[in-house]
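Work through the following exercises with the sequence and the model in view. Each task is followed by a solution in steps.

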Amino acid sequence: MNTEQATTLFDSLSSGVRLDAWRLLVKAGFEGKVAGEMAREMDIAPNALSFHLKAMLHAGLVSVEQQGRFQRYRANIPVMMDLIAYLTENCCAGETDTECHPDKLSACCPDNRSKRN
């Protein structure tokens with residue numbers, strides 16, 4: 001992942017509707033959700049949700065599968081995990097004596113950061 005890709009992902013999540021849609025899809029897991037079902041659950045007009053899902057699809061955050069006349073969306077969890085890895089790849093790298101240093105932990109954790117503050 002690079003800065004341009006990360007920026008695209010953040011841009012695609014830059015609204016409350018998109019964040020809610022993402023969280024709904026994450027909760028649904030591999031089964032995903034049909035767009036109309038999502039619109040009802042989110043209490044949003046289907047055409048408005050389609051606009052937001054299209055932006056997320058373009059960024060690669062979601063995938064879509066045509067099922068008859070319905071479109072089933074799924075969260076692309078590996079892309080989000082890549083984004084998280086990109087954001088945290090240098091976590092505590094300059095602080096070699098801390099418990100949070102990447103050589104000592106596989107990932108930074110909030111508990112270790114709060115101990116230092």
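**Exercise 1.** Is Glu41 buried, partly exposed or exposed?

Solution. Residues are numbered from 1 along each chain as its sequence is written. The model is predicted, so local features need pLDDT of at least 70 and side-chain atom pairs count only at pLDDT 80 or more, while totals for chains, interfaces and linings use all residues; side-chain values use heavy atoms, with hydrogens and water left out.

Step 1. Set the classes: buried means under 20% relative accessible area, exposed means over 50%, and partly exposed is in between (1.4 Å probe, protein chains only).
Step 2. Glu41 has a relative accessible area of 44%, so Glu41 is partly exposed.

**Exercise 2.** Find the salt bridges in the whole structure and classify the residues that form them.

Solution.
Step 1. Apply the criterion: a side-chain nitrogen of Lys or Arg within 4 Å of a carboxyl oxygen of Asp or Glu. The search gives three salt bridges.
Step 2. Lys33 pairs with Glu41 at 2.7 Å, N to O, and with Glu37 at 3.2 Å, N to O. Lys33, Glu37 and Glu41 are thereby linked in a network of salt bridges.
Step 3. Within this network, Lys33 is buried because its relative accessible area is 13%. Glu37, at 28%, counts as partly exposed.
Step 4. Glu65 and Arg74 also form a salt bridge, at 2.8 Å, N to O. Glu65 is partly exposed at 35%, whereas Arg74 is buried at 14%.

**Exercise 3.** Determine the strand order of the sheet and place helix H4 against it.

Solution.
Step 1. Take helices (H or I, at least four residues) and strands (E, at least two) as DSSP runs, numbered from the N terminus. Two strands pair if DSSP finds at least two bridges between them.
Step 2. Three strands form an open, antiparallel sheet in the order E1-E3-E2. The edge strands, each pairing on one side only, are E1 (33-34) and E2 (62-67).
Step 3. E2 and E3 (residues 70-75) run antiparallel and are joined by six bridges. One of the bridge pairs is Val64 with Tyr73 in E3.
Step 4. For the angle, axes are lines fitted to C-alpha atoms, for helices over the stretch in contact (heavy atoms within 4.5 Å), and angles run from 0 to 180 degrees between N-to-C directions. H4 (residues 46-59) lies across E2 and E3, at about 115° to E2.

**Exercise 4.** Where is Leu61 found, and which residues does Leu61 touch?

Solution.
Step 1. Leu61 is in the loop between H4 and E2.
Step 2. The relative accessible area of Leu61 is 0%, so Leu61 is buried.
Step 3. Leaving out residues up to four places away in sequence, the contacts of Leu61 include Leu9, Trp22, Met56, Arg74 and Val79.
Step 4. Leu9 is 52 residues from Leu61 in sequence, and their C-alpha atoms are 7.1 Å apart.
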